[in-house]
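Colleague: Got a minute to walk me through this model? I'd like to go over the pockets, the strands and the charged pairs.

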Amino acid sequence: MWVLFLVALCVLSASVAATNNNECVATSGSGQFILLAGSHNFISSDFGKTFVQIPDFYPVTEYWHGCAIDETGQHMVLGSSTSGLWISKNFGQSWASSGADNHDAWLSIATSSVGDRMVATNCFDSPSGHGQMVFSSDFGSTWAVKTAPQYLMYNKVVSDSTGKYLAAIAQSSKTGMTTGMLLLSDDFGGSWLSVPVPYDTFLSIASDATGKLLTITGSKANYVSKDRGAFWETVPKIYPDLWNVNFFRVSASATGQNVLALTNTREIFVSSDFGQTWGVSYNRNESWRYGANSADFKVLVAVTSGDVAVSRDAGETWDFVPLKV
């Protein structure tokens, strides 16, 4: 059943919600459309200058953990902790339940550039005791389920522009081990191969548009591969003496040359050399949670639990945009 999205202008002078428990943010290729998920969901269609709340689908409280947008912004996905995956095929103007199985938090969602191929991961499937992936090849109309092998929990999945080459970081849910694993698929998720990776706890992964350049952040260091995981280069942590400062979320431009990374402390970092070196783009006493960027890296978005920060000049300057719930 379609839920109409009634567009109402969000005025910047409006009162600011104390917190939206922001859990995910995604941008279209140009950065014009930005999708934000949390206690409530928001869309920006003007490069992050204003955000409009999507009317809640149910009167009961839901928590939204996953989101994705295709290159044009036409196809959007939201992942709920209680009602599964929701799809929009008209730039967020209306939404429909996808019919995918309802499980716990949908941690990560990725799409092809045109939105025909979609993949989503949930952290825990109660009946089987381990995580799942679901796949769609028809813009989210139908979904196929793939249960994680060997009691794995998928943390994040990324896709190339076609949806053919996928990469996912995972860990064991049976043994409680947090050691990171990397699984790759070159057939739209039909089969997966676990590849050797550095010994670390993985926090996030980013891919370029080809699926060949992968950047993984870990608790010990960051890792870059330019040949789809055949060889890894270790990049030392920015603050090696501060064990608890990590790049919790990372995203890359279409070429993979520019990378956005968020820390759990103050800084937003950017790299212009494929993650080899990093500079501080923004410094504010916040715990940054999620980030996203446009394909050309001009539009950057970073969120805390309650705030949204947007840059439209590749991180030179940042604006805070209030959300009215």
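**Holes, strands and salt bridges**

Modeller: Sure, and keep in mind that this is a predicted model. Let's begin with the largest cavity: its lining residues divide into four nonpolar, four polar and one charged.

Colleague: Which residues line the largest cavity?

Modeller: Gly218, Asn222, Lys237, Ile238, Tyr239, Val245, Asn246, Phe247 and Thr263 line it.

Colleague: And how much space lies in the largest cavity?

Modeller: About 60 Å³. The structure holds one cavity of 30 Å³ or more.

Colleague: OK, what about the largest pocket, how much space lies in there?

Modeller: About 1100 Å³. The lining counts 48 residues, and the closest to the pocket's centre are Ile109, Ala110, Lys156, Val158 and Ser251.

Colleague: Which strands supply at least two residues of that lining?

Modeller: E2, E6 (64-69), E10 (106-111), E14, E18 (202-207), E22 (247-252) and E26 each do.

Colleague: How does the lining of the largest pocket divide into nonpolar, polar and charged?

Modeller: There are 23 nonpolar residues, 18 polar ones and seven charged ones.

Colleague: You mentioned E14. Which strand is E14 joined to, and by how many bridges?

Modeller: E14 covers residues 152-159 and is joined by seven bridges to E15, residues 166-172. The two run antiparallel.

Colleague: Which residue in E15 stands opposite valine 157?

Modeller: That's alanine 168.

Colleague: What's in the hairpin of E14 and E15?

Modeller: Six residues lie between the strands, and glycine 163 takes a positive phi there, near 85°.

Colleague: Where do residues other than glycine have a positive phi?

Modeller: Two examples are arginine 228, with phi near 55°, and phenylalanine 297, with phi near 70°. I'd flag them because most residues other than glycine have a negative phi.

Colleague: Where does arginine 228 lie?

Modeller: In the loop between E20 (221-225) and E21 (233-236).

Colleague: And is arginine 228 buried or exposed?

Modeller: Arginine 228 is buried, with a relative accessible area of 16%; the cut-off for buried is under 20%.

Colleague: Same two things for phenylalanine 297: where is it found, and is it buried or exposed?

Modeller: Phenylalanine 297 is found in the loop between E26 and E27. At 4% relative accessibility, phenylalanine 297 counts as buried.

Colleague: Switching to charges. How many salt bridges does the structure hold?

Modeller: Four. Arg284, Glu286 and Asp307 are linked in a network of them.

Colleague: What are the distances in that network?

Modeller: The side chains of arginine 284 and glutamate 286 meet at 2.7 Å, N to O. For arginine 284 and aspartate 307, the closest N and O atoms are 3.8 Å apart. A salt bridge here needs the two atoms within 4 Å, so that pair still counts.

Colleague: Which parts does the pair of aspartate 307 and arginine 284 tie together?

Modeller: Aspartate 307 lies in the loop between E27 (300-303) and E28 (308-311), and arginine 284 in the loop between E25 (279-283) and E26 (290-293). The pair therefore ties together parts that are 23 residues apart in sequence.

Colleague: How buried or exposed are the members of the network?

Modeller: Glutamate 286 is buried, at 15% relative accessible area. Arginine 284 is partly exposed at 29%, and aspartate 307 also counts as partly exposed, at 23%.

Colleague: What does aspartate 319 form a salt bridge with?

Modeller: With arginine 312, the closest N and O atoms being 2.9 Å apart. Aspartate 319 counts as partly exposed at 38% relative accessibility, and so does arginine 312 at 29%.

Colleague: Last topic, the open sheet of four strands. What's its order?

Modeller: E2-E3-E4-E5, with antiparallel pairing. The edge strands are E2 (24-27) and E5 (52-54), each pairing on one side only. Direction ignored, neighbouring strands of this sheet are turned by 20° against each other on average.

Colleague: And how many bridges join E4 to E5?

Modeller: Three bridges join E4, residues 41-44, to E5. In E5, valine 52 is the bridge partner of isoleucine 43.

Colleague: Great, thanks, I'll go and look at those spots.

Note on methods: Residues numbered from 1 in each chain as written. Predicted model: local features only at pLDDT ≥ 70, side-chain atom pairs only at ≥ 80, totals over all residues. Heavy atoms only, no water. Pairing = 2+ DSSP bridges. Axes fitted to C-alpha atoms, helices over the stretch in contact; angles between N-to-C directions. Buried < 20%, exposed > 50% of the residue type's maximum accessible area, 1.4 Å probe, protein only. 1 Å grid on protein atoms, 1.4 Å probe; cavity = no way out; pocket = protein on both sides within 12 Å on 5 of 7 lines; lining within 4 Å. Points joined across faces, edges and corners; volume = space filled by probe spheres on them. Nonpolar A, V, L, I, M, F, W, Y, C, P; charged D, E, K, R; others polar.
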